[in-house]
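Q: Got a minute to go through this one with me? I'd like to start with some loops and then get to the ligand.

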Amino acid sequence: MNKTIFITGAAKRIGKAIALTFKDLGWNIIIHYNSSKKDADELANKINKDNPDTARAVQGNLDKEADIAKILNDIDGMFPSLDLLVNNASTFYPTPIEEISEDHWEKLIGSNLKGPLFLIQGLKEKLKASNGSIINITDTNLTKGVANYSIYSAAKAGLEAITKGLARELAPEIKVNAIAPGAMLEPPDVTWTEDQKNKVIESIPLNRMGSEQDIAEAVKFLAHCEYITGQVVKVDGGRSL
Ligand SMILES: NC(=O)c1ccc[n+]([C@@H]2O[C@H](COP(=O)([O-])OP(=O)(O)OC[C@H]3O[C@@H](n4cnc5c(N)ncnc54)[C@H](OP(=O)(O)O)[C@@H]3O)[C@@H](O)[C@H]2O)c1
């Protein structure tokens, strides 16, 4: 029986790379998206062309409790088991202290912290039944303190705290880990100048930006490791050293 991975925010970029990597392993893929319906449908079609009837797309805004309930309902019974949940979806933008509003708080905490927590709550029995695992995608920069990103950093730090707490609470049936990417891709809708890019690269011991595939390979590694739980794996070319 094929195993099943559920990836949030999987229509594009890092989530898509994870989906395609697990397609190559023969897993069933549940592609979650919020606004990128076209990309999510195209990805599901591409996967189904290679591996028939192994991919489905589900929509939902992770800020909203009702949407999370809808997602849980939609994926119930979609495939025989659920083996891996990857909380990858994220909203990311700066929030200088003078400009912070409740709306910023709701959006940044919603997608990066609240949504992942309630998805785990709703999916834990399925994951328990398969001795499955959870991988939360955080951010390697947050522990350094990043000016203008206090809410995003708090959300990702919270997600790492949830990772460790739930690794104890859900053991021994479910493993819970986090992957903290470094500088992989430019933020969506932002193009760095050569100068900005070079500055980032200078801060990375391995002397290059990462790629979406570097994260997908780490997800694959953790998915196959039976004796790692409660860890944050930094995939950042040494930037956090
Ligand atoms: N890219 C990097 O260099 C980098 C660095 C450090 C950490 N990370 C972390 O790695 C993960 C993937 O990064 P990425 O750059 O590939 O992510 P991304 O493109 O910024 O976002 C991934 C997806 O998240 C979904 N999303 C955003 N808000 C949502 C909401 N309220 N409800 C549901 N879905 C929502 C969006 O889906 P739709 O398009 O369908 O709306 C989006 O396509 C993220 O957790 C990010 O924080 C990335």
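Q: Where is the place of Asn148?
A: This is a predicted model, to be clear up front. Asn148 sits in the loop between strand E5 (133-137) and H5.

Q: And what's the phi of Asn148?
A: Positive, about 75 degrees, although Asn148 is not a glycine. For context, most residues other than glycine have a negative phi.

Q: How many other C-beta atoms does Asn148 have within 10 Å?
A: There are 13, so Asn148 comes out as partly exposed.

Q: OK, over to Asp53. What's its phi near?
A: Near 55 degrees, again a positive value in a residue other than glycine. Asp53 is in the loop between helix H2 (37-50) and strand E3 (55-59).

Q: Does Asp53 count as buried or exposed, and why?
A: Exposed, because Asp53 has 10 C-beta neighbours inside 10 Å, and the cut-off for exposed is 12 or fewer.

Q: Switching topic: which residues does a cis peptide bond join?
A: Ala171 and Pro172, with omega at about 5 degrees. Most peptide bonds are trans.

Q: Where is Pro172 found?
A: In the loop between helix H5 (150-169) and strand E6 (175-181).

Q: What is Thr229 in contact with, leaving aside its neighbours within four places in sequence?
A: Ala171, the residue on the other side of that cis bond from Pro172, is one of the contacts of Thr229. The others are Ala167, Lys175, Val176 and Asn177.

Q: Which loop is Thr229 in?
A: Thr229 lies in the one between helix H7 (212-224) and strand E7 (232-235).

Q: Buried or exposed, and why?
A: Thr229 counts as buried because it has 21 C-beta neighbours inside 10 Å; the threshold for buried is 20 or more.

Q: How far apart are Thr229 and Leu206?
A: They're 23 residues apart in sequence and 26 Å apart in space, going C-alpha to C-alpha.

Q: Now the ligand. Which residues come nearest?
A: Gly9, Arg13, Ile14, Asn34 and Ser90, out of the 27 residues around the ligand.

Q: Which helices each supply at least two residues of that shell?
A: Helix H1 (13-24) and helix H4 (102-129). H1 gives the most to the shell, with 3 residues.

Q: And how do the shell residues divide into nonpolar, polar and charged?
A: The shell around the ligand has 12 nonpolar residues, 11 polar ones and 4 charged ones.

Technical notes
Residues numbered from 1 in each chain as written. Predicted model: local features only at pLDDT ≥ 70, side-chain atom pairs only at ≥ 80, totals over all residues. Near = placed C-beta within 6 Å. Helix = DSSP H or I, 4+ residues; strand = E, 2+ residues; numbered from the N terminus. Nonpolar A, V, L, I, M, F, W, Y, C, P; charged D, E, K, R; others polar. Contact = placed C-beta atoms within 7 Å.
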